[in-house]
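This report is meant for someone meeting the structure for the first time. Please look over the sequence and the model before reading on.

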Amino acid sequence: MDTTQLLKGVLDAAVLAVVQHDDGYGYDIVRRLRDAGLGEVGDASVYGTLRRLYSAGALSSYVVPSDGGPHRKYYAITPQGSKTLAAQCEDWSAFASSMSALLTTSPTPASLRTIGENR
Amino acid sequence: MNATELDLNLDINRFAQQVRVELADLPGDDADDLLDGLEADLAEQALDRGEDFALPDPATYAAELRAAAGLPPRAAGSRRTSARDVMAAISVRLHQVESRVRDNHAAAWLLDLCAALRPVWWILRGWAWFAVVALVLGASPFPDALSFLPIALLAGLILVSVQWGRGRWLPRAWLRVARTVLSVLAVVVLPFLIVYGAQEWSSRGAEEYVDPSVYYPQGMAVDGERVRNIYAYDAEGNALTDVQLFDQDGRPLVTTGSEGKANAWDVDHYFYAGGGPVPVPLRIPSREAIWNVYPLQELPAGAGTDGLDPDLDRAQTRPFPYAQVPALPAADPTRDDTDATQTPTATPAPSGTPSATPSPEEAPLESPTP
C-alpha cells in the first residue's frame, strides 16, 4: 500500500505529536518522524505542514542563533495546538479501531477458484 | 570543508534558489517562511544520508511545499517580480545552460577545470578589490612586501572574497547582492589591472636587462666589486699621498668612471647613502673636481653619508690599509729610481684582507728587505 497517501491525512497529528514534548526545527522534526517509522515522509511536506500549523496558530516559532552555522527556526506547540492534537488523537483512535476491526473481521473467501477448474 | 562539501553547499544553494523561483508568485512572507532554514535543513540531511543524498526536483519539491502548507498551486501570470527573483531566475537559467553544455565531453572537462580553479578567481577578486582601493587612494596595486597596512588590507580582502566564494559570511540578503555587484566590479577591473601589471613588469624588466648600468657598477671594479679608493706605496714601502694616476691612453684613472665626470659628482655616488665612508674628489678652485689623485679623501659615516646633504667639510684622508709595506728588492742603490720608464720587476699589490700589520704570508714579496 502506498503509505504516502495514508500519511497525508495524518501528517498534522504526526507533526504535532513529535513536537508536543520537545521543540524542534525543520529537519529535526523530519528525522523524528522517520525514526518513528514514517520513513516515507517527504521533507517538503513536513516543512509545508509546519508552515500551515504555524499559520493556524497550532505552533509558535523562535529563532535560535548557532555559532558557525545558519540560524535555526524552532517550532513549539501552543495550547491551541495541544487541543488540536488531543482532538486528532481521539479521531484517529476511533478511525483506527474501526479500520482494524474491519480489516481483521472481513471474511476471506473460503477457497479461490483456479483457472481451468471447470474444465 | 572539503571540495565535495563545498560543491554540495553550492548545489544546495542553487536548489534553494530554484525552489524560490517556483514560489515566486507567493507573497514575500509566505515564501520566506517556507524557505527559511531550507538550506540548513538540506545540508544537515545531506550529512545524515551521506552518499545516498540526492537533491530532489525543485518544481516537485516546491509543489509539495505548497500543497502541505495549504497554499494555492502556482498561478501563471501572477508573478511578483523582485530583484531576488530575477537573480534566482538567472541562476536557474545558468544552471540549465550548464547542464546542456555538460552534454559535450570537452565542454564538461573544461567546466570542471574552471570549477577547480574557482579559488584562484576568489584570490584574484580579493586582489582586484584591493587594487581598486589602492588606486583610489593613489597607492600601487602591487603592495610593497614590507608595508604592513596594504598587506593587511590585501589579506583581509582576499579572506572576505574566499569566504564569500564558499558561501560564508553572508548573513544578510543585501550582502549577497553586494557580493554580486563587487564580483562584477572585479571582472570589469581585472583586465585593466592585468594589462597595467604587465606593463609594470615589462618596464621593470627593461630596467634590468636593457640598461644594465643601473645595476652593474660603473667605474673601476675588481672582479665586479667597485674599488672605493687606491693606496699607493713607494719602493721603500712608505705610504704615498697625492699620487696622480693615468691609464695607458693618458686619461685620468678614476674610480668613478665616466659617470662621475658626466654627472659632475661631488661625492662618489656609488657609495653614497650606504652609510659608510664616501670618497670625495680633490677640489682646486676654478678647476673641475679631480678624481685621479689618490688616496681620495673620504667622508666618514655620519657626515651626510646616509643620503642627506653631504658635509663636504668633514672629508678627510683615512688611514692607509697598511702603515708600511715591504720594500722592493729593486730599491737598492744601484737602481736608477729617477728613470720613470723603468718597469718594476715586481708588482707591490697587497692582496687579501687589509690589516694594520701584514703578516709575512700576506706580504706581496717573498723576502722583505727592511
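Which residue of β3(A) is the bridge partner of A:Tyr25? The partner is A:Tyr74, and the sections below place this pair in its sheet, in chain A and in the two-chain assembly, with the caution that the model is a predicted one.

## Chain A in outline

Chain A contains four helices and three strands, and, read from the N terminus, these elements follow one another as α-β-α-α-β-β-α. Of the 119 residues in this chain, 34% are buried. Among the contacts in chain A with a separation of 6 or more, those between residues 24 or more positions apart account for 46%.

## The sheet of chain A

The three strands of chain A form an open sheet with antiparallel pairing, in the order β1-β3-β2. Strands β1 and β2 of chain A stand at the edges and have a single partner strand each, so one side of each is left without a neighbour in the sheet.

Strand β1 (residues 24–25) is joined to β3(A) by two bridges, and the two strands run antiparallel. Besides the pairing of A:Tyr25 with A:Tyr74, A:Gly24 has A:Tyr75 of β3(A) as its bridge partner. Strand β2 (residues 59–64) also runs antiparallel to β3(A), to which it is joined by six bridges. A:Tyr75 appears here again, as the bridge partner of A:Ser61. Strand β3 covers residues 72–77 of chain A, and because five of its six residues are buried, the strand is largely enclosed by the rest of the structure.

## Two helices of chain A

Helix α3 of chain A takes in residues 43–55, and at 1.5 Å a residue its 13 residues should span 18 Å, which agrees with the 18 Å between its end C-alpha atoms. This helix is mostly covered, with ten of its 13 residues buried; among them are A:Val46, A:Tyr47, A:Leu50 and A:Leu53, as well as the charged residues A:Asp43 and A:Arg51. Just after α3(A), A:Gly57 adopts a positive phi of about 90 degrees.

Helix α4 of chain A (residues 79–105) has 27 residues, which at 1.5 Å a residue should span 39 Å, and its end C-alpha atoms are indeed 39 Å apart. The buried residues of α4(A) are A:Gly81, A:Leu85 and A:Ala96. The elements that cover these buried residues include α1 (3–19) and β3 of chain A. The strand β3(A) thus takes part in covering α4(A), while being joined by bridges to β1 and to β2.

## Chain B and a buried arginine

Chain B has ten helices and eight strands, and buried residues make up 31% of its 370 residues. When contacts in chain B are counted between residues at least 6 apart in sequence, 61% of them join residues at least 24 apart.

One residue of chain B that can be followed in some detail is B:Arg226, which is found in strand β2 (residues 225–226) of that chain. The relative accessibility of B:Arg226 is 7%, and because buried means under 20%, this arginine counts as buried. Its side chain reaches two backbone oxygens: that of B:Met220 at 3.5 Å, and that of B:Thr255 at 3.2 Å.

## Where the chains meet

The contact between the chains takes 18 residues from chain B and 18 residues from chain A. The area buried between them is about 1,700 Å², and carbon and sulfur atoms give 44% of this. On the side of chain B, the residues that lose the most area to chain A are B:Asp41, B:Glu44 and B:Ala68, which together give 29% of what that side buries.

Across this interface there are four salt bridges, one of which joins the side chains of B:Glu44 and A:Arg31, at 2.7 Å from N to O. Ten residue pairs are in polar contact across the interface, with both residues of each pair at pLDDT 80 or more. The elements giving two or more residues to the side of chain B that touches chain A are α2 (28–35), α3 (38–49) and α4 (58–69) of chain B. Helix α3(B) gives the most to this side, with eight residues.

Conventions. Residues are numbered from 1 along each chain as its sequence is written. Chains are lettered from A and ligands numbered from 1 in the order in which they are written. This is a predicted model: local features need pLDDT of at least 70, side-chain atom pairs count only at pLDDT 80 or more; totals for chains, interfaces and linings use all residues. Side-chain values use heavy atoms; hydrogens and water are left out. Buried means under 20% relative accessible area, exposed over 50%, partly exposed in between (1.4 Å probe, protein chains only). Two strands pair if DSSP finds at least two bridges between them. The expected span of a helix is 1.5 Å times one less than its number of residues. Contact means heavy atoms within 4.5 Å. Buried area is the accessible area (1.4 Å probe) that two parts lose on being put together, summed over both. A polar contact is a pair of N or O atoms within 3.5 Å; within protein, one must be able to donate a hydrogen and the other to accept it, and residues adjacent in sequence count only if both atoms are side-chain atoms.
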